[in-house]
Amino acid sequence: MGGPGDPPEGTPEGGPGGAEDEYRSVVFDESFVRAARLQEFSAKERMADHTPAVRRRPPRHRGLGRQALILVLLIAVAFGTAIYMGVRHPYGSAQTRRPVESLRITVIPLAPQGKVPGATDAESLYARSPAAPFEVGAEGVPLPASRSTAHFSDSQVVTALTTVKDYIVRSSLYPEVLTGREVRPARSLIDSDQLDQFDQSFDHPAADGRHAPTGWVIRIDPARAQLADDRIRVLGSLEAGEADSATLEITADHTFVYALRPTGSAADAPASLFTVRRELTFHLDRDDLRTHQVQLITSYVQAGPLACVEDSAAYLRPLLAGQTARSGTPAGTNPYETDSPTALCGTLAAGAQPKV
């Protein structure tokens with residue numbers, strides 16, 4: 001029942017005590033009003049020709065808040081910086097690269113004691129020589145069992161050894177390099193900081209201990225000799241260590257034996273053997289490992305049979321079957337000039353030649 005003052009049927013719907021009492025606590029503040037999608041025309045506006053009593057507000061643009069926008073920008077900058085640093089320093093090292101050393105070259109001709117032995121069959125020459133057990137071609141440049149060093153992983157050591165092997169093969173076994181027609185196969189593996197010295201050596205050869213092409217590659221004078229057999233015999237080894245905490249050092253010691261005939265001669269012309277021993281020292285820093293290039297630091301070459309009086313800087317000029325070393329005096333050495341190279345020449349032992 002209703003109260004003493006209420007009608008018997010209760011408070012009429014819409015009356016002061018009706019169902020609307022539950023909305024009396026709702027406050028329509030200014031922000032609520034501004035957010036409304038419908039807006040009533042003012043009295044002045046309704047006096048005009050507006051038929052509807054309300055108008056629809058344009059939707060509000062809800063962009064990112066200022067803080068959200070700043071956060072997105074910071075994330076983008078951090079991401080871009082990480083990519084940049086990764087490209088500049090792929091190995092995570094910001095150390096300054098030390099200067100690359102110049103190559104130091106020593107080429108020692110080995111003169112025969114008598115006539116150079118020869119035979120029409122190159123295989124028989126190899127069989128009667130110390131090169132009989134040697135491997136053929138790149139098989140004679142095997143990779144040693146590799147292991148990590150104090151500052152380089154096993155995979156980095158393998159990369160260094162493989163790159164050095166590639167250089168040895170290209171500079172000692174490629175026919176186009178041996179005959180002096182090309183230098184690019186070897187040049188492409190040289191560290192960019194040594195390319196000026198490399199190019200000057202081939203553009204202006206000099207027996208100065210720095211610019212002899214025969215220190216970079218094995219280069220046989222094409223005007224004098226040609227390969228009688230492309231199955232070049234090779235024996236040697238590679239060893240890996242560290243020059244310092246940022247540089248791997250690879251030492252290579254290989255002997256190459258070539259069967260040669262006079263240039264332009266017939267296939268049945270007598271062939272002879274020409275032997276070159278190369279002792280090379282390579283450095284590879286982390287940039288070289290990434291680019292698969294080498295720094296050639298020292299090159300110590302012994303080759304024969306050669307004549308001591310002939311220049312062996314630009315080309316190796318072998319003595320061929322039946323020839324002897326001409327008498328004469330090797331190039332002089334001036335002890336008063338500190339930059340002058342020492343003229344060296346040796347004698348090819350009889351046991352280094354095929355047995356006749």
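User: Where is Asp221 found?

Analyst: In this predicted model, Asp221 is found in the loop between helix H9 (213-216) and strand S5.

User: Why is Asp221 called buried?

Analyst: Its relative accessibility is 12%, and buried means under 20%, so Asp221 counts as buried.

User: What makes the link between Asp221 and Ala223 a polar contact?

Analyst: The side chain of Asp221 reaches the backbone nitrogen of Ala223 at 3.0 Å, and the cut-off for a pair of N or O atoms is within 3.5 Å, so the pair meets the distance condition.

User: Which residues does Asp221 touch, not counting those up to four places away in sequence?

Analyst: Asp221 touches Tyr315, Leu316 and Arg317, where a touch rests on heavy atoms within 4.5 Å.

User: How do you know that Cys308 and Cys345 form a disulfide?

Analyst: The sulfur atoms of Cys308 and Cys345 are 1.3 Å apart in the model, and a disulfide is called when two cysteine sulfur atoms lie within 2.5 Å, so the pair fits the definition. A search of the whole structure finds one disulfide.

User: Why can this disulfide be said to tie together separate parts of the chain?

Analyst: Cys308 and Cys345 both lie in the loop between S8 and strand S9 (346-347), but they are 37 residues apart in sequence, so the pair ties together parts with that separation.

User: Why is Cys345 called partly exposed?

Analyst: Cys345 has 32% relative accessibility, and since partly exposed covers what lies between under 20% and over 50%, that value places Cys345 in the partly exposed class.

User: Why does Ala325 count as partly exposed, and where is Ala325 found?

Analyst: Ala325 has 26% relative accessibility, so it counts as partly exposed, and its place is in the loop between S8 and S9. Leaving aside neighbours within four places in sequence, Ala325 is in contact with Ala111, Pro112 and Leu319. The C-alpha atoms of Ala325 and Val116 are 9.1 Å apart in space, although these residues are 209 residues apart in sequence.

User: What makes Lys355 exposed?

Analyst: The relative accessible area of Lys355 is 64%, and exposed means over 50%, so Lys355 is exposed. Lys355 has its place in the segment after S9, and its C-alpha lies 8.1 Å from that of Leu125, a residue 230 residues apart from it in sequence.

User: Which residues have the most contacts inside the largest nonpolar core?

Analyst: They are Tyr167, Trp216, Tyr258, Phe274 and Phe282, in a core of 49 residues. Among the elements that give two or more residues to this core are helix H5 (154-172), strand S6 (247-262) and strand S7 (272-285), and the largest share, seven residues, comes from H5. A second, separate core of 10 residues includes Ala119, Leu125, Ala271 and Leu273.

User: What is Tyr167 in contact with, leaving aside its neighbours within four places in sequence?

Analyst: The contacts of Tyr167 include Trp216 and Phe282, together with Ala186, Leu189, Ile190 and Arg278.

User: How do you know that strand S3 (residues 104-111) and S8 pair?

Analyst: Pairing needs at least two bridges, and S3 and S8 are joined in the parallel sense over six bridges, so they count as paired. One example is Pro109, whose bridge partner in S8 is Ala303. Two bridges also join S3 to S9, which run parallel, with Leu110 standing opposite Gly346 in S9.

User: Why are strand S4 (135-136) and S9 called edge strands?

Analyst: Seven strands form an open sheet in the order S4-S5-S6-S7-S8-S3-S9, with mixed pairing, and the edge strands S4 and S9 each pair on one side only. S4 pairs with S5 in the antiparallel sense over two bridges, and Val136 stands opposite Arg233 in S5.

User: What pLDDT does the protein average, and where is the pLDDT below 50?

Analyst: The protein averages a pLDDT of 84, and 74% of the residues score at least 70. Over residues 89-94 the pLDDT is below 50, and this stretch has six contacts in the model beyond near neighbours in sequence. Where pLDDT is low, the predicted coordinates should not be read in detail.

Notes:
Residues numbered from 1 in each chain as written. Predicted model: local features only at pLDDT ≥ 70, side-chain atom pairs only at ≥ 80, totals over all residues. Heavy atoms only, no water. Core = buried A, V, L, I, M, F, W, Y, C linked by side-chain atoms within 4.5 Å. Buried < 20%, exposed > 50% of the residue type's maximum accessible area, 1.4 Å probe, protein only. Helix = DSSP H or I, 4+ residues; strand = E, 2+ residues; numbered from the N terminus. Polar contact = N/O pair within 3.5 Å; in protein donor to acceptor, adjacent residues only side chain to side chain. pLDDT = per-residue confidence, 0-100.
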